[in-house]
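Biologist: Could you take a close look at one part of this model for me, the way the helices pack in chain A? I'm new to this, so please explain the terms as you go.

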Amino acid sequence: MKFNSIRFKISVLYIAILGVILIVYSSFLYLSLRYTLYDELDNELSGKAREIAAAIDSYVQALGYDKQSFNFAVKRVITFEGEHPEQDQISELERQWMQRVDKLDLKEDYINFLNSKGKNLVSSANLQAALFSLFPKELARLSEGKIILSSIKLEKRNLRAISAPFSYDDSERYIIQVVTSLKPVIHLLQVRLMHITISIPVILIFASFLGRFFASGILRPVVEITKTASKITHEDLSSRVKAEHVDEEMKYLVNAFNNMISRLERSFQYIAEFSSHVAHDLKTPLAIIRGESDVALRKIRDVAEYRRVIRVTLEETERMLRVIEDLLLLTKLDYRPEVFKFGRFDLIEFLWEIYEQSKILASQKGITVSIDMPQEPVYLSGDKLHLRRLFFNLIDNAIRFTPEHGRIDFAVKSENKKAVVSISDTGAGIAEEDLPKIFDRFFHADRTGQEVKPSTGLGLSIAQSIAKIHSGRIEVKSKLSEGSVFTVTLPLL
Amino acid sequence: MRILLVEDERKIAGFIERGLKEEHFVVDVAYAGENALFLAEVNPYDLIILDIMLPDRDGISVCRELRRKKVDTPILMLTAKDRIGDKVLGLDSGADDYLTKPFAFDEFLARVRALLRRERVDRTTTLRVADLELDQLTHKVRRAGKEITLTSKEYALLEYLMLNANQIVTRTMISEHVWNEDFDSFTNVIDVYINYLRAKIDKSFKKQLIHTIRGTGYILKERADEI
């Protein structure tokens, strides 16, 4: 059992608490038992002393208050010996007293009758040992009328004694002592103590096993999580930890863990798809180069054919270069936005330049370009180089997807501390189900026709990344066969 | 032999088509899945070359659809995806072979020939009927040891007849396997080519191998009287 483990710690804690509770509680019960037993015994002794006093009193009452009768009464009551002339008059009393003696088991007890100075006058028959002496201070207390209870050890016997003041006619004071054995009480307490000292460890040991069992149950989800975690590799992210029959707090852990794996799974999937797309977009130009070269070399060809193949090779090499450059740019955008150099510039002037250049590009397809923007300057903080890239990516798309003699319109306005630039075209439009995907990497629109310069599929992705780094965004609205509107929003200074 | 090439990248389709035609194959090209399905249902191809990444529906689903429609032409799948899962998916969907781009054209041709051989009992690359030999690798034709020069179409026609040696071949079959979609059924171009072929391989030899079966078609075999 590891000393570092939760199970061990929980067990120790729980046993310790249980142990303390058991000990405290048992002590309490034991002490209270002890107190009760002693208390009862003392009450018994008190009772016995009173009965003896009462008996002496009744004897004296019956026989007369003279000294002789008194001595007889004391002797008779305590030792059952003695004679008196009018003894037969008290035969009923005697009989009753005998009954009481039997009932109280007085014959087992030691009884002393002392005078006020502590001198022993009469002792019960069974008292062979030395007299019980009383210390002066106790005598004093007795003379005040107080009862004294004390425990005495005599010849290895544990005894409890009561000393009660007695007087029958207010003149002479005497002391009645009743002493009884503590053996039953002590024996009972000893047995009880033994039970306690044996049972507490047994209970604790048993509880510790039980505790470990429960701790294991509670910690089972942790074991499950560990097992599941070990099964996960970058290839197999399908395992999950089951969340039924799990306690509340563990459920949170299990769910968080499962969600984490799901997110990882999606990330890996995304990366795999991305790699797949990259592979495809680079392999296709390579396949073309290889195929054309392969076929060309199978026979002797004429010069024109060789030129054609070389031209194709060049084109496809360019294409691959563009893909690689775009990818590098995307990685830079994602992870090192500090390549951007922000500066203050006038958006209107900037867009005018772009507009002029777009006109030239679009004229190849006979597409007309128009612009509608405010006259006053509008200031932005941004990286002109990359923003130019952003806009030209959008314009390239517009030109590519708009048929000959179509239109491209720029509209610029500033509102709410933002610049809103929209580029609309009368082109092929984008299908509704594709709209959320167009900004994804490598999303190619359907190849409707032959493109002179096929796209890398990364243009919109790059544009969006640039917009994000400028704290802006790009939105699109489109209708198939009617056209699309791309709206770029950038914050103003 | 007639091949259906399904590939959306025009440049790739271009060199594959050219390369195959130089090997005397007859090629039809489809740039999208739906078109491919249509062509495959209407024409009996000897081989279908199918790219996986198509614009309208992916090659895997086209392949499954073809098999579902009981088109059992051999299918060679092409793609840039080369992960094991992709290969398994492609082959399990009904393709007979799988080639990743970029590929060496020689290997591509060898696989094409291998798939075409599957239908045959005699699986060599040299076809023989009596003393007539046709080497599919070198495209050389010999009869009784003497080399015979044939044009591309003549070669394709002879190859088809030899692949179906001892079986009657109808004009329709010839038009479907030796010509592509450009075939004009209102001409007698088939008869013309049969004559060209006869002139080259039968005329100066004792035994005639190409026989006309009236009303049905032609047959290439050693003896005319055993039908």
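Modeller: Sure, let's begin with helix α1 (residues 6-63) of chain A and helix α5 (residues 183-231) of chain A, whose axes come within 9 Å and cross at roughly 160°. Axes here are lines fitted to C-alpha atoms, for helices over the stretch in contact, and angles run from 0 to 180 degrees between N-to-C directions. Helices are DSSP runs of H or I with at least four residues, strands are runs of E with at least two, and both are numbered from the N terminus. That crossing angle makes α1(A) roughly antiparallel to α5(A), a label for angles over 145 degrees. By class, their contact has 23 nonpolar, six polar and four charged residues. Nonpolar covers Ala, Val, Leu, Ile, Met, Phe, Trp, Tyr, Cys and Pro, charged covers Asp, Glu, Lys and Arg, and the others, Gly among them, are polar.

A word on ground rules: this is a predicted model, where local features need pLDDT of at least 70, side-chain atom pairs count only at pLDDT 80 or more, and totals for chains, interfaces and linings use all residues. Residues are numbered from 1 along each chain as its sequence is written, chains are lettered from A and ligands numbered from 1 in the order in which they are written, and side-chain values use heavy atoms, leaving out hydrogens and water.

Now for helix α2 (residues 67-79) of chain A: its 13 residues reach 18 Å from first C-alpha to last, close to the 18 Å expected at 1.5 Å a residue. Buried residues (under 20% relative accessible area, 1.4 Å probe, protein chains only) of α2(A) include A:F70, A:F72, A:V74 and A:I78. Among the elements covering the buried residues of α2(A) are α1, α3 (91-104) and β4 (157-166) of chain A. Just after α2(A), A:F80 takes a positive phi of about 65°.

Further along, helix α9 (residues 384-401) of chain A packs against helix α10 (residues 459-469) of chain A at about 145°, with their axes 9 Å apart. A:L387, A:L390 and A:L394 are among the α9(A) residues in this contact, and A:L460, A:I462 and A:I466 are among those of α10(A); contact means heavy atoms within 4.5 Å.

Finally, have a look at A:S239, in the loop between α5 and α6 (248-297) of chain A. A:S239 counts as buried because its relative accessibility is 12%. Leaving aside neighbours within four places in sequence, A:S239 touches A:T228, A:K231, A:I232 and A:I261.

Technical notes. Angles under 35 degrees count as roughly parallel, over 145 as roughly antiparallel, 65 to 115 as roughly perpendicular and the rest as oblique. The expected span of a helix is 1.5 Å times one less than its number of residues. Buried means under 20% relative accessible area, exposed over 50%, partly exposed in between (1.4 Å probe, protein chains only).
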